[in-house]
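Please walk me through this structure, starting with the empty space inside and the residues around it. After that, I would like to hear about the rings and the charged side chains.

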Amino acid sequence: MNIAVLPGDGIGSEIIAEALKVLRKLNLPLEMQEAPVGGTGYDVSGDPLPEATLALAKSADAILFGAVGNPKHDHLPRDKRPEQAILGLRKHLGLFANLRPAQVYAELASASALKPEVVAGLDLLIIRELTGDIYFGSPRGIHTNAAGDREGFDTMRYSEPEIRRIAHVGFQAAMKRGRRLCSVDKANVLETSQLWRDIVIDVAKEYPQVALSHMYVDNAAMQLVRAPKQFDVIVTGNLFGDILSDEASMLTGSIGMLPSASLDANNKGLYEPIHGSAPDIAGQGIANPLATILSAAMMLRYSLNQAAAADRIEAAVKRVLASGVRTPDIFVEGTHRVGTQEMGAAVLAAL
Ligand code: NAD
């Protein structure tokens with residue numbers, strides 16, 4: 001199994017180093033090859049997504065990604081900025097399905113902005129379509145209308161194959177979990193959503209074991225903070241998913257804990273923590289590596305068919321949290337504060 005390892009910028013190399021130690025400990029036949037990306041890629045080649053890095057990512061079975069972004073590159077033209085690397089990888093690799101689990105470990109329930117009893121034990125997966133919808137639809141622009149007023153417009157657009165393939169990802173993920181899928185749309189108002197709903201209902205015929213429900217996006221936004229534990233898997237379009245997945249991430253209270261996957265049609269994927277390069281703490285050895293370690297577990301589960309190994313990593317993380325070991329971002333009085341490497345070592349010991 002060939003893995004392209006792209007640490008990127010800021011805390012990227014610190015958190016990836018810990019994830020690699022965990023992967024190596026599993027004694028699986030993993031070939032890991034590292035390449036520069038983001039600001040680091042720009043510095044060596046003048047391009048945030050160097051050709052050799054893209055070639056490596058294309059040839060690999062899965063990609064483990066740290067984070068990109070460095071304030072020293074903020075003056076560059078947009079196409080040379082570090083963040084372009086991730087957009088380029090999504091585009092070139094056809095990564096159309098974004099999977100974001102939001103899990104609240106009992107020990108961290110007090111870190112959420114919501115009441116602990118509302119979130120304790122939460123285990124939710126949001127699947128967001130990543131390459132279509134109003135972000136990519138045309139026509140779009142700003143023009144002057146007949147009345148002489150400036151007017152901005154975008155086009156919400158989904159084709160049947162685009163909806164069908166993300167619906168399959170939703171049902172297949174639900175089959176691997178609690179077998180409940182909630183499709184979120186705005187079918188009471190939008191034609192795009194009506195088509196979305198019709199097709200999801202059609203795809204559901206292939207998955208009779210999965211209980212399908214539908215929810216309007218405004219209600220979903222409300223239900224996510226009212227009673228988030230009602231959900232197992234949510235599948236939704238790019239725009240709604242963008243908003244709901246950020247909302248869901250805050251249910252857990254800590255950005256340093258959340259992994260993600262972006263998959264193509266063959267379950268090849270890019271795995272990364274949802275946070276960025278955290279330049280404010282880079283180099284200090286205090287970043288939380290758990291989101292990246294949990295991303296590695298997702299990689300084993302979704303792209304490499306190593307569910308048992310993924311289970312082992314997730315169980316080890318739970319055990320470490322239960323033992324009271326905490327990086328500063330999840331530290332509370334009465335627990336044991338550690339740095340990035342000590343947290344990685346604690347996970348290795350628990351493995
Ligand atoms: P950020 O996620 O990097 O940081 C937000 C806050 O969370 C900071 O205070 C940071 O210290 C903290 N934080 C983030 N990850 C942490 C971790 N693992 N452990 C402990 N604390 C952590 O977001 P930002 O500050 O808005 O952006 C910084 C840079 O990252 C920017 O250049 C941005 O464009 C980039 N970015 C990249 C990605 C990506 O690579 N996919 C995603 C988001 C932001």
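Helix H7 (residues 191-204) gives three residues to the lining of the largest cavity, the largest share. Helices and strands here are DSSP runs numbered from the N terminus, with H or I over at least four residues for a helix and E over at least two for a strand. Before going further, note that this is a predicted model, in which local features need pLDDT of at least 70 and side-chain atom pairs count only at pLDDT 80 or more, while totals for chains, interfaces and linings use all residues. Residues are numbered from 1 along each chain as its sequence is written, and side-chain values use heavy atoms, with hydrogens and water left out.

Back to the cavity. Strand S8 (180-185) and H7 are the elements that give two or more residues to its lining. The full lining consists of Asp133, Met156, Tyr158, Val184, Asp185, Thr192, Ser193, Trp196, Gly237 and Phe240. Sorted by class, five of these are nonpolar, three polar and two charged (Ala, Val, Leu, Ile, Met, Phe, Trp, Tyr, Cys and Pro count as nonpolar, Asp, Glu, Lys and Arg as charged, and the others, Gly among them, as polar). The volume of this largest cavity is about 70 Å³, and the structure holds three cavities of 30 Å³ or more. A cavity is a set of points on a 1 Å grid over the protein atoms alone where a 1.4 Å probe fits but cannot get out, and lining residues have an atom within 4 Å of a point. Grid points are joined across faces, edges and corners, and the volume is the space filled by probe spheres set on the points.

Two of the lining residues, Tyr158 and Trp196, bring us to the rings. A search of the whole structure finds two aromatic pairs (rings of Phe, Tyr and Trp, its six-membered ring, with centres within 6.5 Å; planes under 30 degrees apart are stacked, over 60 edge-to-face and the rest tilted). Tyr158 and Trp196 form a tilted pair, 5.5 Å centre to centre with 55° between the planes. Tyr158 lies in the loop between strand S7 (150-153) and helix H6 (160-176), and Trp196 in H7, so the pair ties together parts 38 residues apart in sequence. Both residues are buried (under 20% relative accessible area, with exposed over 50% and partly exposed in between, using a 1.4 Å probe and protein chains only).

How are the rings of Phe171 and Tyr207 arranged? Their centres are 4.9 Å apart and their planes at 5°, so this pair is stacked. Phe171 sits in H6 and Tyr207 in the loop between H7 and strand S9 (211-216). Phe171 is buried at 0% relative accessible area, and Tyr207 is buried too, at 10%.

Helices H6 and H7 are also linked through charged side chains. Asp202 in H7 and Arg164 in H6 are 38 residues apart, and their side chains meet in a salt bridge (3.0 Å, N to O), meaning a side-chain nitrogen of Lys or Arg within 4 Å of a carboxyl oxygen of Asp or Glu. Arg164 also meets Glu160 at 2.8 Å; these two lie four residues apart in H6, about one turn of the helix. Asp202 has a salt bridge with Lys205 as well, at 2.8 Å. Together, Glu160, Arg164, Asp202 and Lys205 are linked in a network. Lys205 is exposed at 64%, while Asp202 is partly exposed at 28%.

How values were computed: 1 Å grid on protein atoms, 1.4 Å probe; cavity = no way out; pocket = protein on both sides within 12 Å on 5 of 7 lines; lining within 4 Å.
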